[in-house]
Structures are given as C-alpha cells and as structure tokens.
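Here are my notes for a colleague at the bench, set out as numbered points. Please read them with the sequence and the structure open beside you.

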Amino acid sequence: IAKAVEEAKATAEREAATAAEAKQEEHDQELADAKAEAKAAAEREAATAALQMKRMESLSRINQAERAADEAEAMREGHRLNSAGAFADARVSFLYAHSLNHSPACLISAANMALKMGDGTTAAAEYTSALKLPLSAPARELAERKLAEANAARAAARQRAAGRAALLLGFVALLVAVAAVLAGPEEAQAWAADAAAWVQARLGVAAPPPPPPKRGWGYSGRK
C-alpha cells in the first residue's frame with residue numbers, strides 16, 4: 001500500500017510538473033505571438049506612413065508643377081496686356097502670378113504697372129517688398145532703380161499737388177477779398193479757413209488759409 005501511495009504521489013507530481021511546463025510553454029507562446037503581432041502592426045503602420053509620405057510628396061510635386069505652369073501663363077498674359085497698354089489688367093495678372101509662388105519677379109512686374117498708372121506710393125511699397133526677397137543681381141539692380149523712380153514720382157506728385165493747392169488758395173484769396181467787401185472781414189476769414197481745409201482734404205496738402213483781409217475800399221462794416 002505504501003508503495004502504491006508513493007507511486008501515485010510521484011505520478012501526481014509528474015503530471016503537475018508536466019501541466020506546469022505546458023502552461024509555461026503556452027504562456028511563452030502567447031507572449032511571443034503578442035510580440036510578433038505588435039512588431040507586424042508597427043511595420044504595417046510604418047509602411048502606411050511611408051506610402052502616405054510618398055503620395056504627399058508626389059502631390060506636392062504635381063501642385064508645384066501646376067502652380068509653376070499657371071504662373072508662367074499669368075505672366076505671359078500680363079506681358080501681353082502691358083504691350084497692349086492695358087496696365088490695370090496686366091497688373092491683375094502679375095499679382096495673380098505672384099500669389100502662386102511668391103516670385104519677386106512677378107511682384108516687380110506688378111509694381112511696374114502701378115508706376116505706369118501713376119501710383120508711385122503702391123509701386124514703391126511693392127519694390128521695397130521685392131527687395132526683401134531673394135533676387136538675382138540684375139533683378140535687384142532693376143528693383144532698386146525702379147524704386148528710385150517711384151520715389152521721384154511720389155515727390156513730383158506732391159509738388160504738383162502743392163502747386164494746385166497754391167493756385168486754388170490764390171483763387172480763394174481773391175474770393176475772400178471780394179467777400180470782405182460784401183460781408184466783412186470776419187466772415188471772409190471764416191470762409192478762408194474752410195476753403196483751406198477743403199484744399200487739404202481734396203489734395204492731401206497742408207495749406208494755410210490766406211491772410212485775413214483788411215478793411216479796404218467798399219467795406220461798410222455792416223454784416
């Protein structure tokens with residue numbers, strides 16, 4: 001009986017050990033499978049990301065090529081309109097071309113049209129912006145020369161405006177003299193100040209009002 005008990009005990013221990021080994025092997029296999037699945041998932045994600053990156057790069061190249069083609073077409077249209085004397089429409093084409101790839105050459109062309117239309121202020125601002133971008137030596141020399149022309153045009157415009165203001169104020173002074181005769185110097189001076197403000201608002205030139213009229217011939221002192 002004792003021997004039978006010992007054998008049964010040994011058999012039970014062997015079975016328990018076998019079960020434990022089988023369980024460990026199963027656990028190890030599950031762990032290995034999980035690691036393999038995680039590795040495969042990571043590889044699939046990496047492959048998907050690489051594929052997406054390649055697609056994006058391909059689309060970017062396509063978009064860049066399309067933008068370059070559109071820019072070239074807009075520049076050709078702008079030059080055609082410029083040759084036809086349609087400076088405003090040409091400027092629209094050049095600005096559209098600049099919006100595609102931010103080429104400084106397109107911005108310089110747009111500024112040229114503004115200068116031809118007499119808008120020295122806009123032209124000077126755009127030449128200045130173009131000079132902040134990468135430019136070849138000839139393009140930089142052109143932009144600097146055109147900027148000087150735009151600034152000269154602005155100065156000439158200010159001088160013309162000042163001349164027109166002086167002419168208008170001379171006329172106002174004549175009217176004030178007549179008003180002084182008819183209504184008195186106080187009213188005439190008020191009219192002169194209003195006229196000077198109108199000249200400044202209309203021409204953008206600060207112009208002092210004409211001097212107050214003095215009592216002269218024909219002034220009765222009545223209002």
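The points below take up a helix pair, the nonpolar cores and a handful of single residues.

1. Before anything else, please keep in mind that this is a predicted model, and that the side-chain values rest on heavy atoms, with hydrogens and water left out.

2. The pair to look at first is helix H2, residues 87-101, and helix H3, residues 104-116, whose axes come within 8 Å and cross at roughly 160°. Angles over 145 degrees count as roughly antiparallel, and H2 and H3 are therefore roughly antiparallel to each other. The crossing in which H2 passes H3 is left-handed.

3. On the H2 side, this contact is made by Phe-87, Ala-90, Arg-91, Phe-94, Leu-95, Ala-97 and His-98, while H3 contributes Cys-106, Leu-107, Ser-109, Ala-110, Ala-111, Met-113, Ala-114 and Lys-116. Sorted by character, the residues of the contact comprise 11 nonpolar, 2 polar and 2 charged.

4. Two residues of that contact deserve a separate look, beginning with His-98, which lies in helix H2. Its relative accessibility is 14%, and since buried means under 20%, His-98 counts as buried. Not counting residues up to four places away in sequence, His-98 touches Ser-103, Cys-106 and Leu-107.

5. The other is Ser-109, placed in helix H3, which is likewise buried, with a relative accessible area of 10%. Once its neighbours within four places in sequence are left aside, Ser-109 is in contact with Met-75, His-79 and Phe-94, and Phe-94 is one of the H2 residues that make the helix contact described above.

6. Which residues touch the most other members of the largest nonpolar core? Of the 14 residues in that core, they are Ile-108, Leu-115, Ala-123, Tyr-127, Leu-131, Leu-147 and Ala-150. At least two residues of this core come from each of H3, helix H4 (120-131) and helix H5 (137-183). In soluble globular proteins, nonpolar side chains tend to be buried together.

7. Leu-115 can be followed further, for it touches Gly-120, Ala-123, Tyr-127, Lys-146, Glu-149, Ala-150 and Ala-153 when residues up to four places away in sequence are not counted. A second, separate core has 9 residues, among them Ala-74, Cys-106, Ala-110 and Met-113; Cys-106, Ala-110 and Met-113 are also among the H3 residues that make the contact with H2.

8. Thr-122 is found in helix H4 and is partly exposed, with a relative accessible area of 25%. Leaving aside its neighbours within four places in sequence, Thr-122 is in contact with Arg-91 and Ala-114. Its C-alpha atom is separated by 8.7 Å from that of Ala-150, although these residues are 28 residues apart along the chain.

9. Is Val-92, in helix H2, buried or exposed? With a relative accessible area of 55%, Val-92 is exposed. Val-92 and Ala-74 stand 9.2 Å apart in space, C-alpha to C-alpha, with their positions 18 residues apart in sequence given as the separation.

10. Lastly, Ser-136 sits in the loop between H4 and H5, where its relative accessibility of 43% makes it count as partly exposed. The C-alpha atoms of Ser-136 and Ala-105 are separated by 9.8 Å, the two residues being 31 residues apart along the chain.

Conventions. Residues are numbered from 1 along each chain as its sequence is written. This is a predicted model: local features need pLDDT of at least 70, side-chain atom pairs count only at pLDDT 80 or more; totals for chains, interfaces and linings use all residues. Axes are lines fitted to C-alpha atoms, for helices over the stretch in contact, and angles run from 0 to 180 degrees between N-to-C directions. Helices (H or I, at least four residues) and strands (E, at least two) are DSSP runs, numbered from the N terminus. Angles under 35 degrees count as roughly parallel, over 145 as roughly antiparallel, 65 to 115 as roughly perpendicular and the rest as oblique. A crossing is left-handed if the near helix is turned anticlockwise from the far one by less than a right angle, and right-handed if clockwise. Contact means heavy atoms within 4.5 Å. Ala, Val, Leu, Ile, Met, Phe, Trp, Tyr, Cys and Pro count as nonpolar, Asp, Glu, Lys and Arg as charged, and the others, Gly among them, as polar. A nonpolar core is a set of buried Ala, Val, Leu, Ile, Met, Phe, Trp, Tyr and Cys residues joined through side-chain atoms within 4.5 Å. Buried means under 20% relative accessible area, exposed over 50%, partly exposed in between (1.4 Å probe, protein chains only).
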